[in-house]
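Biologist: I am new to this structure and would like a close look at a single part, the largest pocket. Could you take me through what surrounds it?

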Amino acid sequence: MSATLPRLGPLRRIEAGVLDVAYVDLGPADGTPVVLLHGFPYDRHSYADVAPLLAESGFRVIVPELRGHGGTRFRDRTAPRTGEQAALGQDVIDLLDALGIERAVLAGYDWGGRAACVAAALHPERVAALVSVNGYLIQDIRSSMHPLDPALEAGFWYLFYFLTERGRAGLTANRRGIAEVIWRRNSPEWAFDDATLDRAAEAFENPDWVDVVLHSYRHRLNHVPGAHEYLRDEGALAKLPAITVPAVTLDGEADGNFPVTDASAQAAHFTGPRVHRHVPHAGHNLPQEQPGAFADAVREAASLAEEASAAA
């Protein structure tokens, strides 16, 4: 790996809920807190450029490694290695509690965007504002067996692969290779190099990564139950609750799996102030591909939060 490839750090650790979370904390301690949440199969370095930009703007920027990724570990060796959406959202709230943060701007894409949407929907008092790539990401699990257009289904081949034990064996043996295939489909205009993929793939060596990933997709397609401690939240999420906090939603114009939208189909899910933006030449890993645009979205969301607070 190139010695000049930037590393987002230093990594800190904190016990938060069921996890021992590895995270980065940049910027002034008294700045507006922003939590940046990465997706699958990616890592904290999706924010290698975004985090410094926001720290320079005066934000306190927190970038955790999600459950099953990088240095984050389960505190209990016997705890179920769940990856369901309610767990991801609760992890965010637990991290805020551990850090003593009352409210924060949450921003993410893919798994991280889902975690942010879940936290914002179920705990709006803890979320000042939201930035979400591809908009409303709370899963409608009851409708998960409704087919998509075949061209879109093809991009989600790994959901079905991960339902099988062959998929478990493949994910275990070919972590980097599967990520590369997904990256290229997700972001056809992103000219990433081997060193960039190698850096992210370090996070996939977490001993819980395979189990968390498989549970996430198997639960999403209603093939396995969730953990008992998240049943209440999953019940609430099944109702597809509205997001009431100020929000900036983004669509990458070069996202290989999620076509750009005018945001009207999701409008009913956002009942607070909302702005929708299109980002040219951005694929699914939008913050790493177009960091300036993502940082601008966070700043805009924080401004919306200030306006909403002043009007209250």
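Modeller: What follows describes the largest pocket, with a short look at the second largest for context. This is a predicted model, in which local features need pLDDT of at least 70 and side-chain atom pairs count only at pLDDT 80 or more, while totals for chains, interfaces and linings use all residues. Residues are numbered from 1 along each chain as its sequence is written, and side-chain values use heavy atoms, with hydrogens and water left out.

A pocket here is an open set of points, on a 1 Å grid over the protein atoms alone, where a 1.4 Å probe fits and protein lies on both sides within 12 Å along at least five of seven lines; lining residues have an atom within 4 Å of a point. The largest pocket holds about 1,100 Å³ of space, a volume being the space filled by probe spheres set on the points, which are joined across faces, edges and corners. Its lining has 41 residues, and Arg114, Leu148, Phe156, Arg220 and Phe258 lie nearest the centre. At least two lining residues come from each of α3 (110–122), α4 (150–155), α5 (157–161), α9 (209–220) and β9 (274–279), where helices (H or I, at least four residues) and strands (E, at least two) are DSSP runs numbered from the N terminus. By residue type, the lining of the largest pocket divides into 20 nonpolar, 13 polar and eight charged, with Ala, Val, Leu, Ile, Met, Phe, Trp, Tyr, Cys and Pro counted as nonpolar, Asp, Glu, Lys and Arg as charged, and the others, Gly among them, as polar.

The second largest pocket has about 180 Å³ of space, and 14 residues line it, including His219 and Glu234.
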